[in-house]
Structures are given as structure tokens and as C-alpha cells.
Amino acid sequence: MDITVIPSVNEARSDDLVNKTVIVIDVLRATSTMLTALAHGCDAIYPVETVLQAKQLLLEQQDWLAGGERYCKKIPGFDLGNSPFEYMDDKVASKTIILTTANGTRAIQKANRSGTVLIASLLNGRACAIEAAALNKDIVILCSGTQDVFAFEDGICAGQLIEELQGLSGQGKPVNVDDLGLSQLHAFRQVQSAMTEALLKSSNGKRLDKLGFREDVIYCSRMNLIPVVPVMQGGRLTLLPVKQLH
Ligand SMILES: O=C(O)[C@H](CS(=O)(=O)O)OP(=O)(O)O
Ligand SMILES: [Mg+2]
């Protein structure tokens, strides 16, 4: 099995994703928030690229909720922002949510043009690796990055996934990791025992902290807290049935 890491959305070429399992990561905060919502009983999430697309979809489905951010702030008129803590209460249970964020939902839309799309963050790295390995295809890890620039936290999560995938390789084909993947694996090993501190020192961690979202960064740094895996099907994200974890 080949594992390739793409450092940011803009560097993903559709040709590189064909017939692969694509894992999309946006640790701060889109994919952490999606996982949280689905784990708290949200029925499905429609990740869309633009605010206009979200508003159009909402016109057709008025009982759905709209969530997301621009410049880390809730979009005017929307029900929810991009903080995982907003997606933990009864408000999201049994609801369908339309979500648009600056980077994460754009990455999912790009990945969705080909292959099977799974969603990961540090919160579900192990569970996502188990699902991806079971699909038995080459894997592309798409780091969303921030405004087309590589983001530290997404790279670290790529390293976490590779660590887990290598651990599973005894059960199947050998794993070949590209050079960016190898460097992220080593970076992950270096910081895994102090993940919160590492994320708080990253550019996005510092920015979110300054804006009052320190607790979001701390929460998003917790590894394997939510062992569920969202999959993209028919334009929406829902949870795969939970597999036995090692
Ligand atoms: O809300 C977030 O954490 C970011 C906002 S920004 O692009 O870093 O300003 O969005 P995301 O799509 O979750 O990276
Ligand atoms: Mg981000």
C-alpha cells in the first residue's frame, strides 16, 4: 500500500486521487468539529465550499442548520460557528448541518471529485487508519492547510495516521510512505507526548488562542477521543459503523 501526503488543498491534483482512499484532515478546526457533531448525534453534514452555496441549500431545506466560519468567526445569519463545543449539545442531535469553512470544506470538495473520502483529525486517527487500511487501496492524505499554505497540525495528524497504518501493516501489504509522510511521522513521534503544547505553538493554534478559542485548540489536540469515521457519500458526511479497535 502506498501512502502519499499532500500538504495543502491547492497542491491536490484530481489525477493523483483517482481510485485511492483519500483522507482529509483539518485539525483546526473543521474536521475536528465535523467529528464532534456526528459523534453527538447529528444525522449528516453537507460540506460546501462557499457561503452562497450554503445559503442556497438552506433555502431548499429550511429545517437544516447552517454552520461555519470566515476568518475564524461565525458567518452572519448562520446557526453555528466552527467551534467543536457548539456541536456537542442537543441542538445538533438528529439534525442535518450545512457547513462551510475557509479550508476544510474546500479540501473535502476537492477530494470528492475522486476516490473514497474519509475524514480525520487527531480525535479519530486510529479509527480512521483502521477503516482506510480495510479498504485495501493506496491512500492519499490530504492536509487542508490554511489559505493554501501547509499547516503544522494537519501534518502532525498525517504522521499520526501513518504511525497507525504502519502498525496495521502486519495484517496486510507492506506500507510505502512518501518523503513528506516520513517527515511527518517523525514529527508526530517527537510531539505526541506534548500534543497540546505543540498545537498551541502553531500559527493556527496561536491565532485561535488570541481570538479566544484556546479551549478549542486544547480539545482538538486530544488523540483518539472519538473513535468514529465520517465518510463522504452523495455529497454528505455520515458515520461508518464502528469497527473493533486494536
Ligand atoms: O475556523 C478555523 O479554525 C479555520 C479558520 S481560518 O481559515 O484558520 O481563519 O478554518 P478551517 O477551515 O477549519 O481551517
Ligand atoms: Mg484549518
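**View 1. Eight nonpolar, no polar and two charged residues make up the lining of the largest cavity.** Here Ala, Val, Leu, Ile, Met, Phe, Trp, Tyr, Cys and Pro count as nonpolar, Asp, Glu, Lys and Arg as charged, and the others, Gly among them, as polar. This is a predicted model, in which local features need pLDDT of at least 70 and side-chain atom pairs count only at pLDDT 80 or more, while totals for chains, interfaces and linings use all residues. Residues are numbered from 1 along each chain as its sequence is written, chains are lettered from A and ligands numbered from 1 in the order in which they are written, and side-chain values use heavy atoms, with hydrogens and water left out.

The lining has 10 residues, and Glu131, Pro227, Val229, Val242 and Lys243 lie nearest the centre of the cavity. About 50 Å³ of space is found inside, and the count of cavities of 30 Å³ or more comes to one. A cavity is a set of points, on a 1 Å grid over the protein atoms alone, where a 1.4 Å probe fits but cannot get out; lining residues have an atom within 4 Å of a point. Grid points are joined across faces, edges and corners, and the volume is the space filled by probe spheres set on the points. Rolling a probe the size of a water molecule over the atoms shows where empty space is left.

**View 2. Asp26 and Leu28 hold the protein donors of the magnesium ion (ligand 2).** Asp26 offers OD and Leu28 offers O, at 2.1 to 2.2 Å from the ion. Donors are N, O and S atoms within 2.8 Å of the metal (3.2 Å for Na, K and Ca), and water is not among the atoms, so sites may look incomplete. Asp26 is buried, at 3% relative accessible area, and Leu28 is buried too, at 8%. Buried means under 20% relative accessible area, exposed over 50%, and partly exposed in between (1.4 Å probe, protein chains only). Look also at the cis peptide bond between Leu28 and Arg29, with omega about -10°. Arg29 sits in the loop between β2 (21–25) and α2 (30–39); helices (H or I, at least four residues) and strands (E, at least two) are DSSP runs, numbered from the N terminus.

**View 3. Ser144 and Asp148 are found in the loop between β8 (139–143) and α6 (152–168).** Ser144 is buried, with 0% relative accessibility, whereas Asp148 is partly exposed at 30%. A polar atom of the Ser144 side chain lies 2.8 Å from the backbone oxygen of Ile25. Among the residues that Ser144 touches, beyond four places in sequence, are Ser8, Val9, Asp26 and Gly104; contact means heavy atoms within 4.5 Å. With the same sequence limit, Asp148 touches Ser8, Val9, Asn10 and Arg106. Its side chain makes a polar contact with that of Arg106 at 2.8 Å. A polar contact is a pair of N or O atoms within 3.5 Å; within protein, one must be able to donate a hydrogen and the other to accept it, and residues adjacent in sequence count only if both atoms are side-chain atoms. Although Asp148 and Ser8 are 140 residues apart along the chain, their C-alpha atoms are separated by 5.4 Å.

**View 4. Gln109 belongs to helix α4 (residues 104–111).** Six of the eight residues of α4 are buried, so the helix is largely enclosed by the rest of the structure. These are Gly104, Thr105, Ala107, Ile108, Lys110 and Ala111. Gln109 itself is partly exposed, at 21% relative accessible area. Its side chain reaches the backbone oxygen of Pro47 at 2.5 Å. Leaving aside neighbours within four places in sequence, Gln109 is in contact with Pro47, Val48, Glu49 and Met232. The C-alpha atoms of Gln109 and Gly235 are separated by 8.6 Å, with their places 126 residues apart along the chain.

**View 5. Ser221 lies in the loop between α10 (214–220) and β10 (230–233).** Ser221 is buried, at 3% relative accessibility. The Ser221 side chain makes a polar contact with the side chain of Thr196 (2.7 Å), and one of its polar atoms lies 2.6 Å from the backbone oxygen of Ile218. Not counting residues up to four places away in sequence, Ser221 touches Leu122, Met195, Thr196 and Leu199.

**View 6. Ser94 has a positive phi, near 60°, in a residue other than glycine.** Ser94 is placed in the loop between β5 (73–74) and β6 (96–100), and is exposed, at 56% relative accessible area. Asn136 likewise has a positive phi near 60°, and lies in the loop between α5 (125–135) and β8.

Technical notes. 1 Å grid on protein atoms, 1.4 Å probe; cavity = no way out; pocket = protein on both sides within 12 Å on 5 of 7 lines; lining within 4 Å.
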